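Reader: I should like to learn how cavities, sheets and helix packing are read from a model. May we take them in turn?

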Amino acid sequence: MPRNELKKTPLNALHRKLGGKMVDFGGWELPVQYPAGVIEEHLATRTRAGLFDVSHMGEIWVEGPDSITFINYLTTNDVGKLVDGQAQYSVLTNESGGAVDDLLVYRFNRERFLLVVNAATTEKDWNWITGHKPNNARVEMRNASAEFCQIAIQGPWALEILQRITETPLAEIKYYHFQTGQVAEVDCLISRTGYTGEDGFELYAQPEFAEVLWSGLSETGQAFGLIPCGLAARNTLRLEAAMSLYGHELSDEISPLEANLGWIVKLEKGDFIGRKALLKQKAEGVGRRIAGFEMTEPGIARDGYEIFAGEKKIGYVTSGSPAPFLKKNIGLALLTSEFANPDQEIKIDVRGKRLSARIVPTPFYKRRK
């Protein structure tokens, strides 16, 4: 897509002013990194705090008396278990059990939900969701993606920094719960969620207030070592935490069971799209699944590299990178199930050389509570 046609967040001019290196990411112009560099951004988030612009994410309202029934029909998790002010990680599945997308479901009340979907798949998800509404369903949907900015603050000092510019008692918000309140005098949805493996918050607000929120957090966080972070650090952080990335560990051809996300597949809740296929996968056992690995020879295994056991090709790397905090080269791979167990020795074709690696338990990194 030509550069002048890329979609932009309300903060793009500020990102340039801060020295952000801008890239095309799924049709959006977004900062991949800032002058501090990916490693420093990653380490700051692990040890202090990082600030992320994720305003490119998609938001879809689902409202009406049949909202719970409808969302349960679309997704693998059970929204009937949610209480007001709670969020849930889930997957939209197709008839073969593959993932249309992964998403967060926010419950405001039993008739009002917000679905937060991936930026590059927002239009696809909207078409899928509206195309699978039963004719008699008492539910209304609205693609509200243009009505939100989203700013994330993540890391050990995230709560302390954010608390200084809001009167909302943040410590009372449990993980994967949210409240509405004011941050820097801006009305926000304050969600205790994130994509880094750290404690933190994601703030949703009207896009015209994005710079007020960003500046308020930046100024308050300076004393705590808060720095802006781009897409590259977000990716290495989520990889250390072994969080799935759509299009890599999940896709239309990779099911949540194959992605080791069985904990969000509630087969007992009743019928939903893809349930029959997932029941069959569970009964027969998946023939392949996502596993974590670390390199035991110097080298970085990048996305798409082929993996072998002896001379047998057994899968490929779905995500691979150096892990700045762990100081290892790690990755996730989709492997034949018999070779996806911890301590399995594998070989990865890295630019024509088969380098040694070992399957390890995930997550690679887990924060201290």
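Reader: How much space lies in the largest cavity?

Author: One should recall at the outset that this is a predicted model. The largest cavity holds about 50 Å³ of space. A search of the whole structure finds 2 cavities of 30 Å³ or more, and the second largest has about 40 Å³.

Reader: Which residues line the largest cavity, and which elements each supply at least two of them?

Author: A lining is read first by residue and then by element. Here the lining consists of Leu30, Pro31, Phe52, Asp53, Val54, His56, Cys229, Gly230, Leu231 and Arg234. Strand β3 (28-33), strand β4 (50-53) and helix α7 each supply at least two of these residues. By class, the lining divides into 6 nonpolar, 2 polar and 2 charged residues.

Reader: What lines the second largest cavity?

Author: Its lining is formed by Phe52, Val54, Ala152, Gln154, Gly194, Tyr195, Thr196, Glu202 and Arg234. The classes here are 4 nonpolar, 3 polar and 2 charged. Phe52, Val54 and Arg234 appear in the lining of the largest cavity and also in that of the second largest.

Reader: Let us turn to the sheets. In what order do the strands of the barrel close?

Author: The order of strands is the starting point for reading any sheet. In this structure 6 strands close into a barrel in the order β15-β18-β17-β16-β19-β20, with antiparallel pairing. Neighbouring strands of this sheet are turned against each other by 45° on average, direction ignored. Helix α7 (residues 231-240) packs on the sheet and touches β17 and β18, its direction making about 120° with that of β17.

Reader: How many bridges join β15 to β18, and how many join β15 to β20?

Author: Bridges are read pair by pair. Strands β15 and β18 run antiparallel and are joined by 7 bridges; within this pair, Arg289 stands opposite Leu335 of β18. On the pairing with strand β20 (residues 353-360), there are 4 bridges, again in the antiparallel sense, and Phe293 faces Ile359 in β20. Strand β15 (residues 288-295) is mostly covered, with 7 of its 8 residues buried. Strands β17 (residues 312-323) and β18 (residues 328-336) pair in the antiparallel sense over 8 bridges, and Pro322 stands opposite Asn329 in β18.

Reader: Why is one side of β1 and of β2 left without a neighbour in the sheet?

Author: An open sheet is best read from its edges inward. The sheet in question has 3 strands in the order β1-β3-β2, with mixed pairing. Strands β1 (7-8) and β2 (21-25) stand at its edges and each has a single partner strand, so one side of each is left without a neighbour in the sheet. The pairing of β2 with β3 is antiparallel and has 5 bridges, in which Met22 has Pro31 of β3 as its bridge partner. Helix α7 packs on this sheet as well, touching β2 and β3, and its direction makes about 70° with that of β3.

Reader: Which residues of helix α2 are buried, and against what do they pack?

Author: For a helix, one identifies the buried residues and then their contacts. In α2 (residues 38-47), the buried residues are Val38, Glu41, His42, Ala44, Thr45 and Arg46. They pack against β3, β4, β10 (149-154), β14 (227-228) and α7. Of these elements, β3, β4 and α7 also contribute to the lining of the largest cavity.

Definitions and conventions:
Residues numbered from 1 in each chain as written. Predicted model: local features only at pLDDT ≥ 70, side-chain atom pairs only at ≥ 80, totals over all residues. Heavy atoms only, no water. Pairing = 2+ DSSP bridges. Helix = DSSP H or I, 4+ residues; strand = E, 2+ residues; numbered from the N terminus. Axes fitted to C-alpha atoms, helices over the stretch in contact; angles between N-to-C directions. Contact = heavy atoms within 4.5 Å. 1 Å grid on protein atoms, 1.4 Å probe; cavity = no way out; pocket = protein on both sides within 12 Å on 5 of 7 lines; lining within 4 Å. Points joined across faces, edges and corners; volume = space filled by probe spheres on them. Nonpolar A, V, L, I, M, F, W, Y, C, P; charged D, E, K, R; others polar. Buried < 20%, exposed > 50% of the residue type's maximum accessible area, 1.4 Å probe, protein only.
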